Amino acid sequence: MTSEIEKLIIRPARLTDRDAIFAMSKEIWGGTDYLHLVWDKWFVDPNGGLLTVTLEGEPVGVSKVTLLAPGEVWLEGLRLHPRLHGHGLTKQINRYSFQVAAKHHPRSIRYSTGAGNAASRHLGESRGFWLIARARWMWGKARKRGRLNSRPAQVRELNAVFRFITDSDCCRATGGLYGQGWKFPELTRTRVRDLITKERVLIYPKLGHLTAVAIYDIGAIDGDVCLGFIDGPGSQVGTLARDVLRIAGGLGDSDASAMLPDGRQADLVFNAGFNLIEPARAVVYELGARGFSDSGESFEATMWRALYSAEESIADALTGLLVARASRELAGQNVRDFVVRHLLPGTQKEMYGKLEVLTTRLKTYELRNIARAIFEHFMTEYGMAGEFVRFGKTSVSFVYRGRKIAAMRPNSRSFDLILGPGAGPCFPREFSPSADSVRLDERHFDPDTEMYESVTLRLSKEEHGRSARAAIDTLMRRALGNGA
Ligand SMILES: CC(C)(COP(=O)(O)OP(=O)(O)OC[C@H]1O[C@@H](n2cnc3c(N)ncnc32)[C@H](O)[C@@H]1OP(=O)(O)O)[C@@H](O)C(=O)NCCC(=O)NCCS
């Protein structure tokens with residue numbers, strides 16, 4: 001990369017950027033970029049920060065940070081002139097866009113892109129975004145004739161309509177969003193009310209208890225009707241979809257679009273007439289995993305632990321699917337071996353191998369068996385394997401949220417199980433599991449709860465195994481925040 005293209009300047013768009021931006025846009029996606037259809041609207045959008053990326057004063061790119069509702073930020077319009085692609089310049093655009101987004105005190109930051117847009121997907125996935133929905137973008141020929149078989153919902157029906165929506169598979173599949181073209185706003189009560197007021201919520205049947213609902217909106221790109229939510233029994237979904245095509249026809253449009261989650265709803269709507277083109281595939285990303293804040297264990301760590309603890313049953317489930325899908329009859333055991341070798345991390349095999357080496361210090365089979373059972377308990381109940389386990393020369397430690405919270409240390413005729421500190425106080429003064437010795441650590445006594453945060457159990461007999469596992473459960477419940 002030459003030094004002169006290292007520094008981009010990103011600033012709010014100016015009207016004088018227009019020609020250069022439109023010229024740049026013609027080079028994108030083989031000339032099919034829609035930016036020229038929206039740039040003027042975006043420029044005057046009261047909710048949107050339209051940004052221009054410049055290099056030596058020349059506009060060379062775009063980014064838009066839209067506030068869909070208070071705290072609901074939508075990123076769109078990311079473009080860079082193709083002559084600058086591949087130089088890692090996008091991080092500068094992202095950094096500035098995030099600064100603009102931060103000013104809105106966002107509760108959520110989302111964007112969508114084509115399922116095949118590898119650069120855009122990589123950008124999100126490597127910067128903390130998680131896939132929240134997969135959707136299909138479809139087009140149907142508008143219907144010029146016929147009366148509607150459904151009717152617009154009325155504001156007094158808001159409760160029933162909103163309940164229907166939030167209970168629906170369609171809403172679940174989009175993570176509570178709906179498709180407004182390639183934008184996916186949240187289906188909040190306020191927004192549903194607003195859409196009802198605009199007569200964009202259709203309900204079926206016309207009389208009586210509602211059993212199907214569709215929501216359409218007028219897309220931001222070229223004013224097309226876009227069906228963005230639909231649910232109900234199959235035939236009624238078809239009826240509502242055809243009504244949306246009639247509404248588009250009534251508006252004088254030649255076609256209408258639909259952006260719906262992958263699966264049943266999209267299939268039904270496609271078959272009801274939204275079949276003008278092969279559907280395009282969209283993916284929606286959201287910053288951060290839902291329900292995970294900085295204070296707790298990360299989403300990834302929780303997932304890895306879940307995977308490690310369930311590797312055996314995941315292998316069984318995948319084996320079943322692959323055997324059913326394969327083009328010829330296969331031996332289940334071979335398929336399972338393939339799954340474990342190629343599709344799963346295979347952590348258990350590695351863990352047992354390392355444990356075997358460590359426990360050679362233990363002189364009896366009985367002791368080694370107890371050690372293995374305890375290790376297995378950490379692994380299969382709590383997913384403490386892989387990066388959550390650290391093997392040393394004389395001990396093995398278990399790590400939770402970056403802290404060592406337990407360890408096993410083999411001696412020759414016994415081994416120590418050290419529980420805590422690090423998970424929080426959870427062992428009462430009268431804690432007396434079956435063991436050769438139980439040593440509550442006075443340095444880690446919590447006067448508020450009158451509990452100890454750490455205990456060391458010396459184990460040597462078969463019957464010690466069970467009480468050791470119960471003690472581990474106490475510790476892990478505390479660590480996971482369930483047993484405080
Ligand atoms: C999206 C766009 C701005 C990215 O710019 P770029 O110059 O191609 O990408 P950069 O060189 O800045 O690389 C950005 C990151 O994406 C990665 N990347 C780029 N192309 C990639 C590809 N085809 N597959 C996977 N990753 C890719 C880079 O490795 C880099 O990752 P890193 O920062 O973790 O190292 C540009 O490609 C563009 O304008 N595309 C057309 C419009 C578009 O698709 N916009 C997004 C719509 S949501």
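A crossing of two helices is called left-handed if the near helix is turned anticlockwise from the far one by less than a right angle, and right-handed if clockwise. With that in hand, here are some notes to help you find your way around.

1. First, the ground rules. This is a predicted model, in which local features need pLDDT of at least 70, side-chain atom pairs count only at pLDDT 80 or more, and totals for chains, interfaces and linings use all residues. Residues are numbered from 1 along each chain as its sequence is written.

2. Start with helix 1 (residues 18-25) and helix 2 (residues 35-44); helices (H or I, at least four residues) and strands (E, at least two) are DSSP runs, numbered from the N terminus. Their crossing is right-handed. The two axes come within 10 Å and cross at roughly 150 degrees; axes are lines fitted to C-alpha atoms, for helices over the stretch in contact, and angles run from 0 to 180 degrees between N-to-C directions. Helix 1 and helix 2 are therefore roughly antiparallel to each other (under 35 degrees counts as roughly parallel, over 145 as roughly antiparallel, 65 to 115 as roughly perpendicular and the rest as oblique).

3. Which residues of helix 1 meet helix 2? They are Arg18, Ile21, Phe22 and Ser25, and their partners in helix 2 are Leu35, His36 and Trp39 (contact means C-beta atoms, placed from the backbone, within 7 Å). This contact has four nonpolar residues, two polar and one charged. Here Ala, Val, Leu, Ile, Met, Phe, Trp, Tyr, Cys and Pro count as nonpolar, Asp, Glu, Lys and Arg as charged, and the others, Gly among them, as polar.

4. Now look at helix 8 (residues 234-250) and helix 9 (residues 264-271), whose axes lie 9 Å apart at an angle of about 55 degrees. That angle makes helix 8 oblique to helix 9. This crossing is right-handed.

5. Around the ligand there are 19 residues, of which Thr90, Thr113, Ala118, Ala119 and His122 come nearest (a residue is near if its C-beta atom, placed from the backbone, lies within 6 Å). Strand 4 (72-80), helix 3 (90-102) and helix 4 (118-125) each give two or more residues to this shell. Helix 4 has the largest share, with five residues. The shell comprises seven nonpolar, 10 polar and two charged residues.

6. Finally, the chain is divided into domain 1 (3-106), domain 2 (135-287), domain 3 (295-345) and domain 4 (346-479), with bounds from an automatic or database domain assignment. Between domain 3 and domain 4, 12 residues of the former are in contact with 12 of the latter. On the domain 3 side, helix 10 (299-309) and helix 12 (332-343) each supply at least two residues.

Methods: Contact = placed C-beta atoms within 7 Å.
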